[in-house]
Amino acid sequence: MANVTIIGAGAFGTALAIYNHRQGHQVCVWAFEKDLPESVRAEGENKQYLADVKVPAGVAWTNDMGEACKGADLVMIVVPSAHVRMTARALKDHLPSDAPIVSTAKGVETETLALMSDVLRQELPHHRSDLCYMSGPSFAREVAMGRPADVALAGADNAKARQAQEILHSASFRVYTSVDIIGVELGGALKNVVAVACGASDGLNMGASARASLMTRGLAEITRMGVTMGANPLTFLGLAGVGDLILTCTGDLSRNRTLGMRIAKGEKASDIVAGQAAVAEGYASAPAVNALAEKMDVDMPISRAVYRVLYEDANLVTEAAHLMSRESKDELMGILDVK
C-alpha cells in the first residue's frame with residue numbers, strides 16, 4: 001500500500017483517485033475548486049467533471065496542498081497544460097523529498113512553446129530526477145470503471161519511473177516505462193489537434209477512409225516534429241503515439257473529436273469550449289502547436305488547418321479541400337530525411 005497524492009480534481013484526476021483506491025492505496029486529491037471536496041464527500045461523485053461514477057468514501061479530498069502531499073509516496077499532477085506552471089509553483093514547497101512526480105498534462109505552453117517537461121523542470125528544479133510523464137490511450141471514465149488501459153511512463157531517471165510503475169501498474173492499468181520524454185509528451189500533446197480534424201471529418205460525413213487517412217498523415221506530422229526535437233521515432237508507434245491517437249480520434253468519449261464534430265455541424269469553437277467544464281486540449285494547444293511548427297520549420301498541414309478553423313474562422317470545407325489538393329509526394333518525405 002502506498003500514499004498517492006492527486007493534484008487536480010478533473011475527470012482524469014478523479015479517475016486516477018478511484019483507480020488507486022481500488023488498488024488498495026491511500027489516496028488524497030487536491031482540488032482547486034473551493035467547494036468541490038465537500039460536494040464530492042456529500043454526493044459520492046464528482047458531478048462537475050465525472051458525473052455518475054461513484055467515488056469511494058475512503059478517498060480524501062482537500063483544498064490544502066500541504067495536507068494533500070503529506071507523507072506521499074507518489075504525486076500525480078493531473079491538471080490541464082495551461083495550468084501546469086501555476087500549479088507547480090504552488091506545489092514546490094509541499095513536495096516530499098524523494099517521491100516520484102508523475103505529470104499527465106498533454107500540451108505545449110502557449111506563451112513559451114515549452115513542453116510540460118520543460119515547464120516542470122524550470123519550476124521544480126530540486127525535483128528534476130523525480131519527474132515522470134504519462135501518456136497513452138486511457139479515457140478517464142473507463143479507467144474509473146476499471147476497464148483495461150495501457151499507458152507509457154517516461155522519466156529522465158529510469159529507476160524513478162520504475163518506482164512509480166510499481167505503485168501504478170496492475171492487470172487493468174498496465175504501465176510501460178520509457179526513457180523518451182520528448183516522444184511520450186509530444187505524442188500526447190499533438191494527437192489532440194489531429195483528433196479535432198478527425199471529428200470534423202466525421203461531422204462532414206467524409207467517411208471512415210478519410211478518418212483513417214487523417215490519422216495516418218497526422219501521425220506523420222507528429223513524427224516529423226518529434227524527430228526534429230530529438231524523440232525516438234519508434235515511440236510514435238507505441239502507446240503514447242499511435243495508441244493514444246487511435247483512441248482520441250475514434251472514441252465517442254473524446255472531447256477533441258466531439259469538438260471537431262460540432263464545428264462541422266456549424267457551431268463556433270469558442271462557444272463550444274466556453275460551455276464546457278472540462279478542457280478540450282486540442283483547442284487549447286492548437287496555437288502553440290502551430291507556432292512550434294513554424295519555429296521548428298516542420299511541415300504540419302493538418303495542424304495548421306485546425307488552427308485556422310479554430311482561431312481564424314477559416315471555412316472548414318475550404319480547409320479540407322486545401323488539404324486534399326496538396327501536391328503529391330513520397331509517403332515518408334520529411335520523416336526519414338529529418339536531420
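**Notebook: a sheet and two helices**

I started with the sheet: eight strands make an open sheet with mixed pairing, in the order 5-2-1-6-7-8-9-10. I looked up the edges next, and they are strand 5 (60–62) and strand 10 (173–178), each pairing on one side only. I also checked the twist: on average, neighbouring strands of this sheet are turned by 25 degrees against each other, direction ignored. Note to self: this is a predicted model.

Reminder from class: strands of a sheet pair through backbone hydrogen bonds, either parallel or antiparallel.

Then I zoomed in on one pair. How many bridges join strand 9 to strand 10? I found six, and the two strands run parallel. Strand 9 covers residues 149–155. Ala-152 stands opposite Tyr-176 in strand 10.

Next I followed helix 8 (residues 181–203), which packs on the sheet and touches strand 8 (131–135), strand 9 and strand 10. The direction of helix 8 makes about 40 degrees with that of strand 8.

Last entry: helix 8 with helix 9 (residues 208–228). Their axes come within 9 Å and cross at roughly 155 degrees. Angles over 145 degrees count as roughly antiparallel, so that is how helix 8 and helix 9 lie to each other. I noted the crossing as right-handed.

I listed who touches whom: helix 8 brings residues including Leu-186, Leu-190, Val-194 and Ser-201, while helix 9 brings Ala-210, Leu-214, Gly-218 and Ile-222, among others. What kinds of residues make up the contact of helix 8 with helix 9? I got ten nonpolar, four polar and three charged.

Key: Residues are numbered from 1 along each chain as its sequence is written. This is a predicted model: local features need pLDDT of at least 70, side-chain atom pairs count only at pLDDT 80 or more; totals for chains, interfaces and linings use all residues. Side-chain values use heavy atoms; hydrogens and water are left out. Two strands pair if DSSP finds at least two bridges between them. Helices (H or I, at least four residues) and strands (E, at least two) are DSSP runs, numbered from the N terminus. Axes are lines fitted to C-alpha atoms, for helices over the stretch in contact, and angles run from 0 to 180 degrees between N-to-C directions. Contact means heavy atoms within 4.5 Å. Angles under 35 degrees count as roughly parallel, over 145 as roughly antiparallel, 65 to 115 as roughly perpendicular and the rest as oblique. A crossing is left-handed if the near helix is turned anticlockwise from the far one by less than a right angle, and right-handed if clockwise. Ala, Val, Leu, Ile, Met, Phe, Trp, Tyr, Cys and Pro count as nonpolar, Asp, Glu, Lys and Arg as charged, and the others, Gly among them, as polar.
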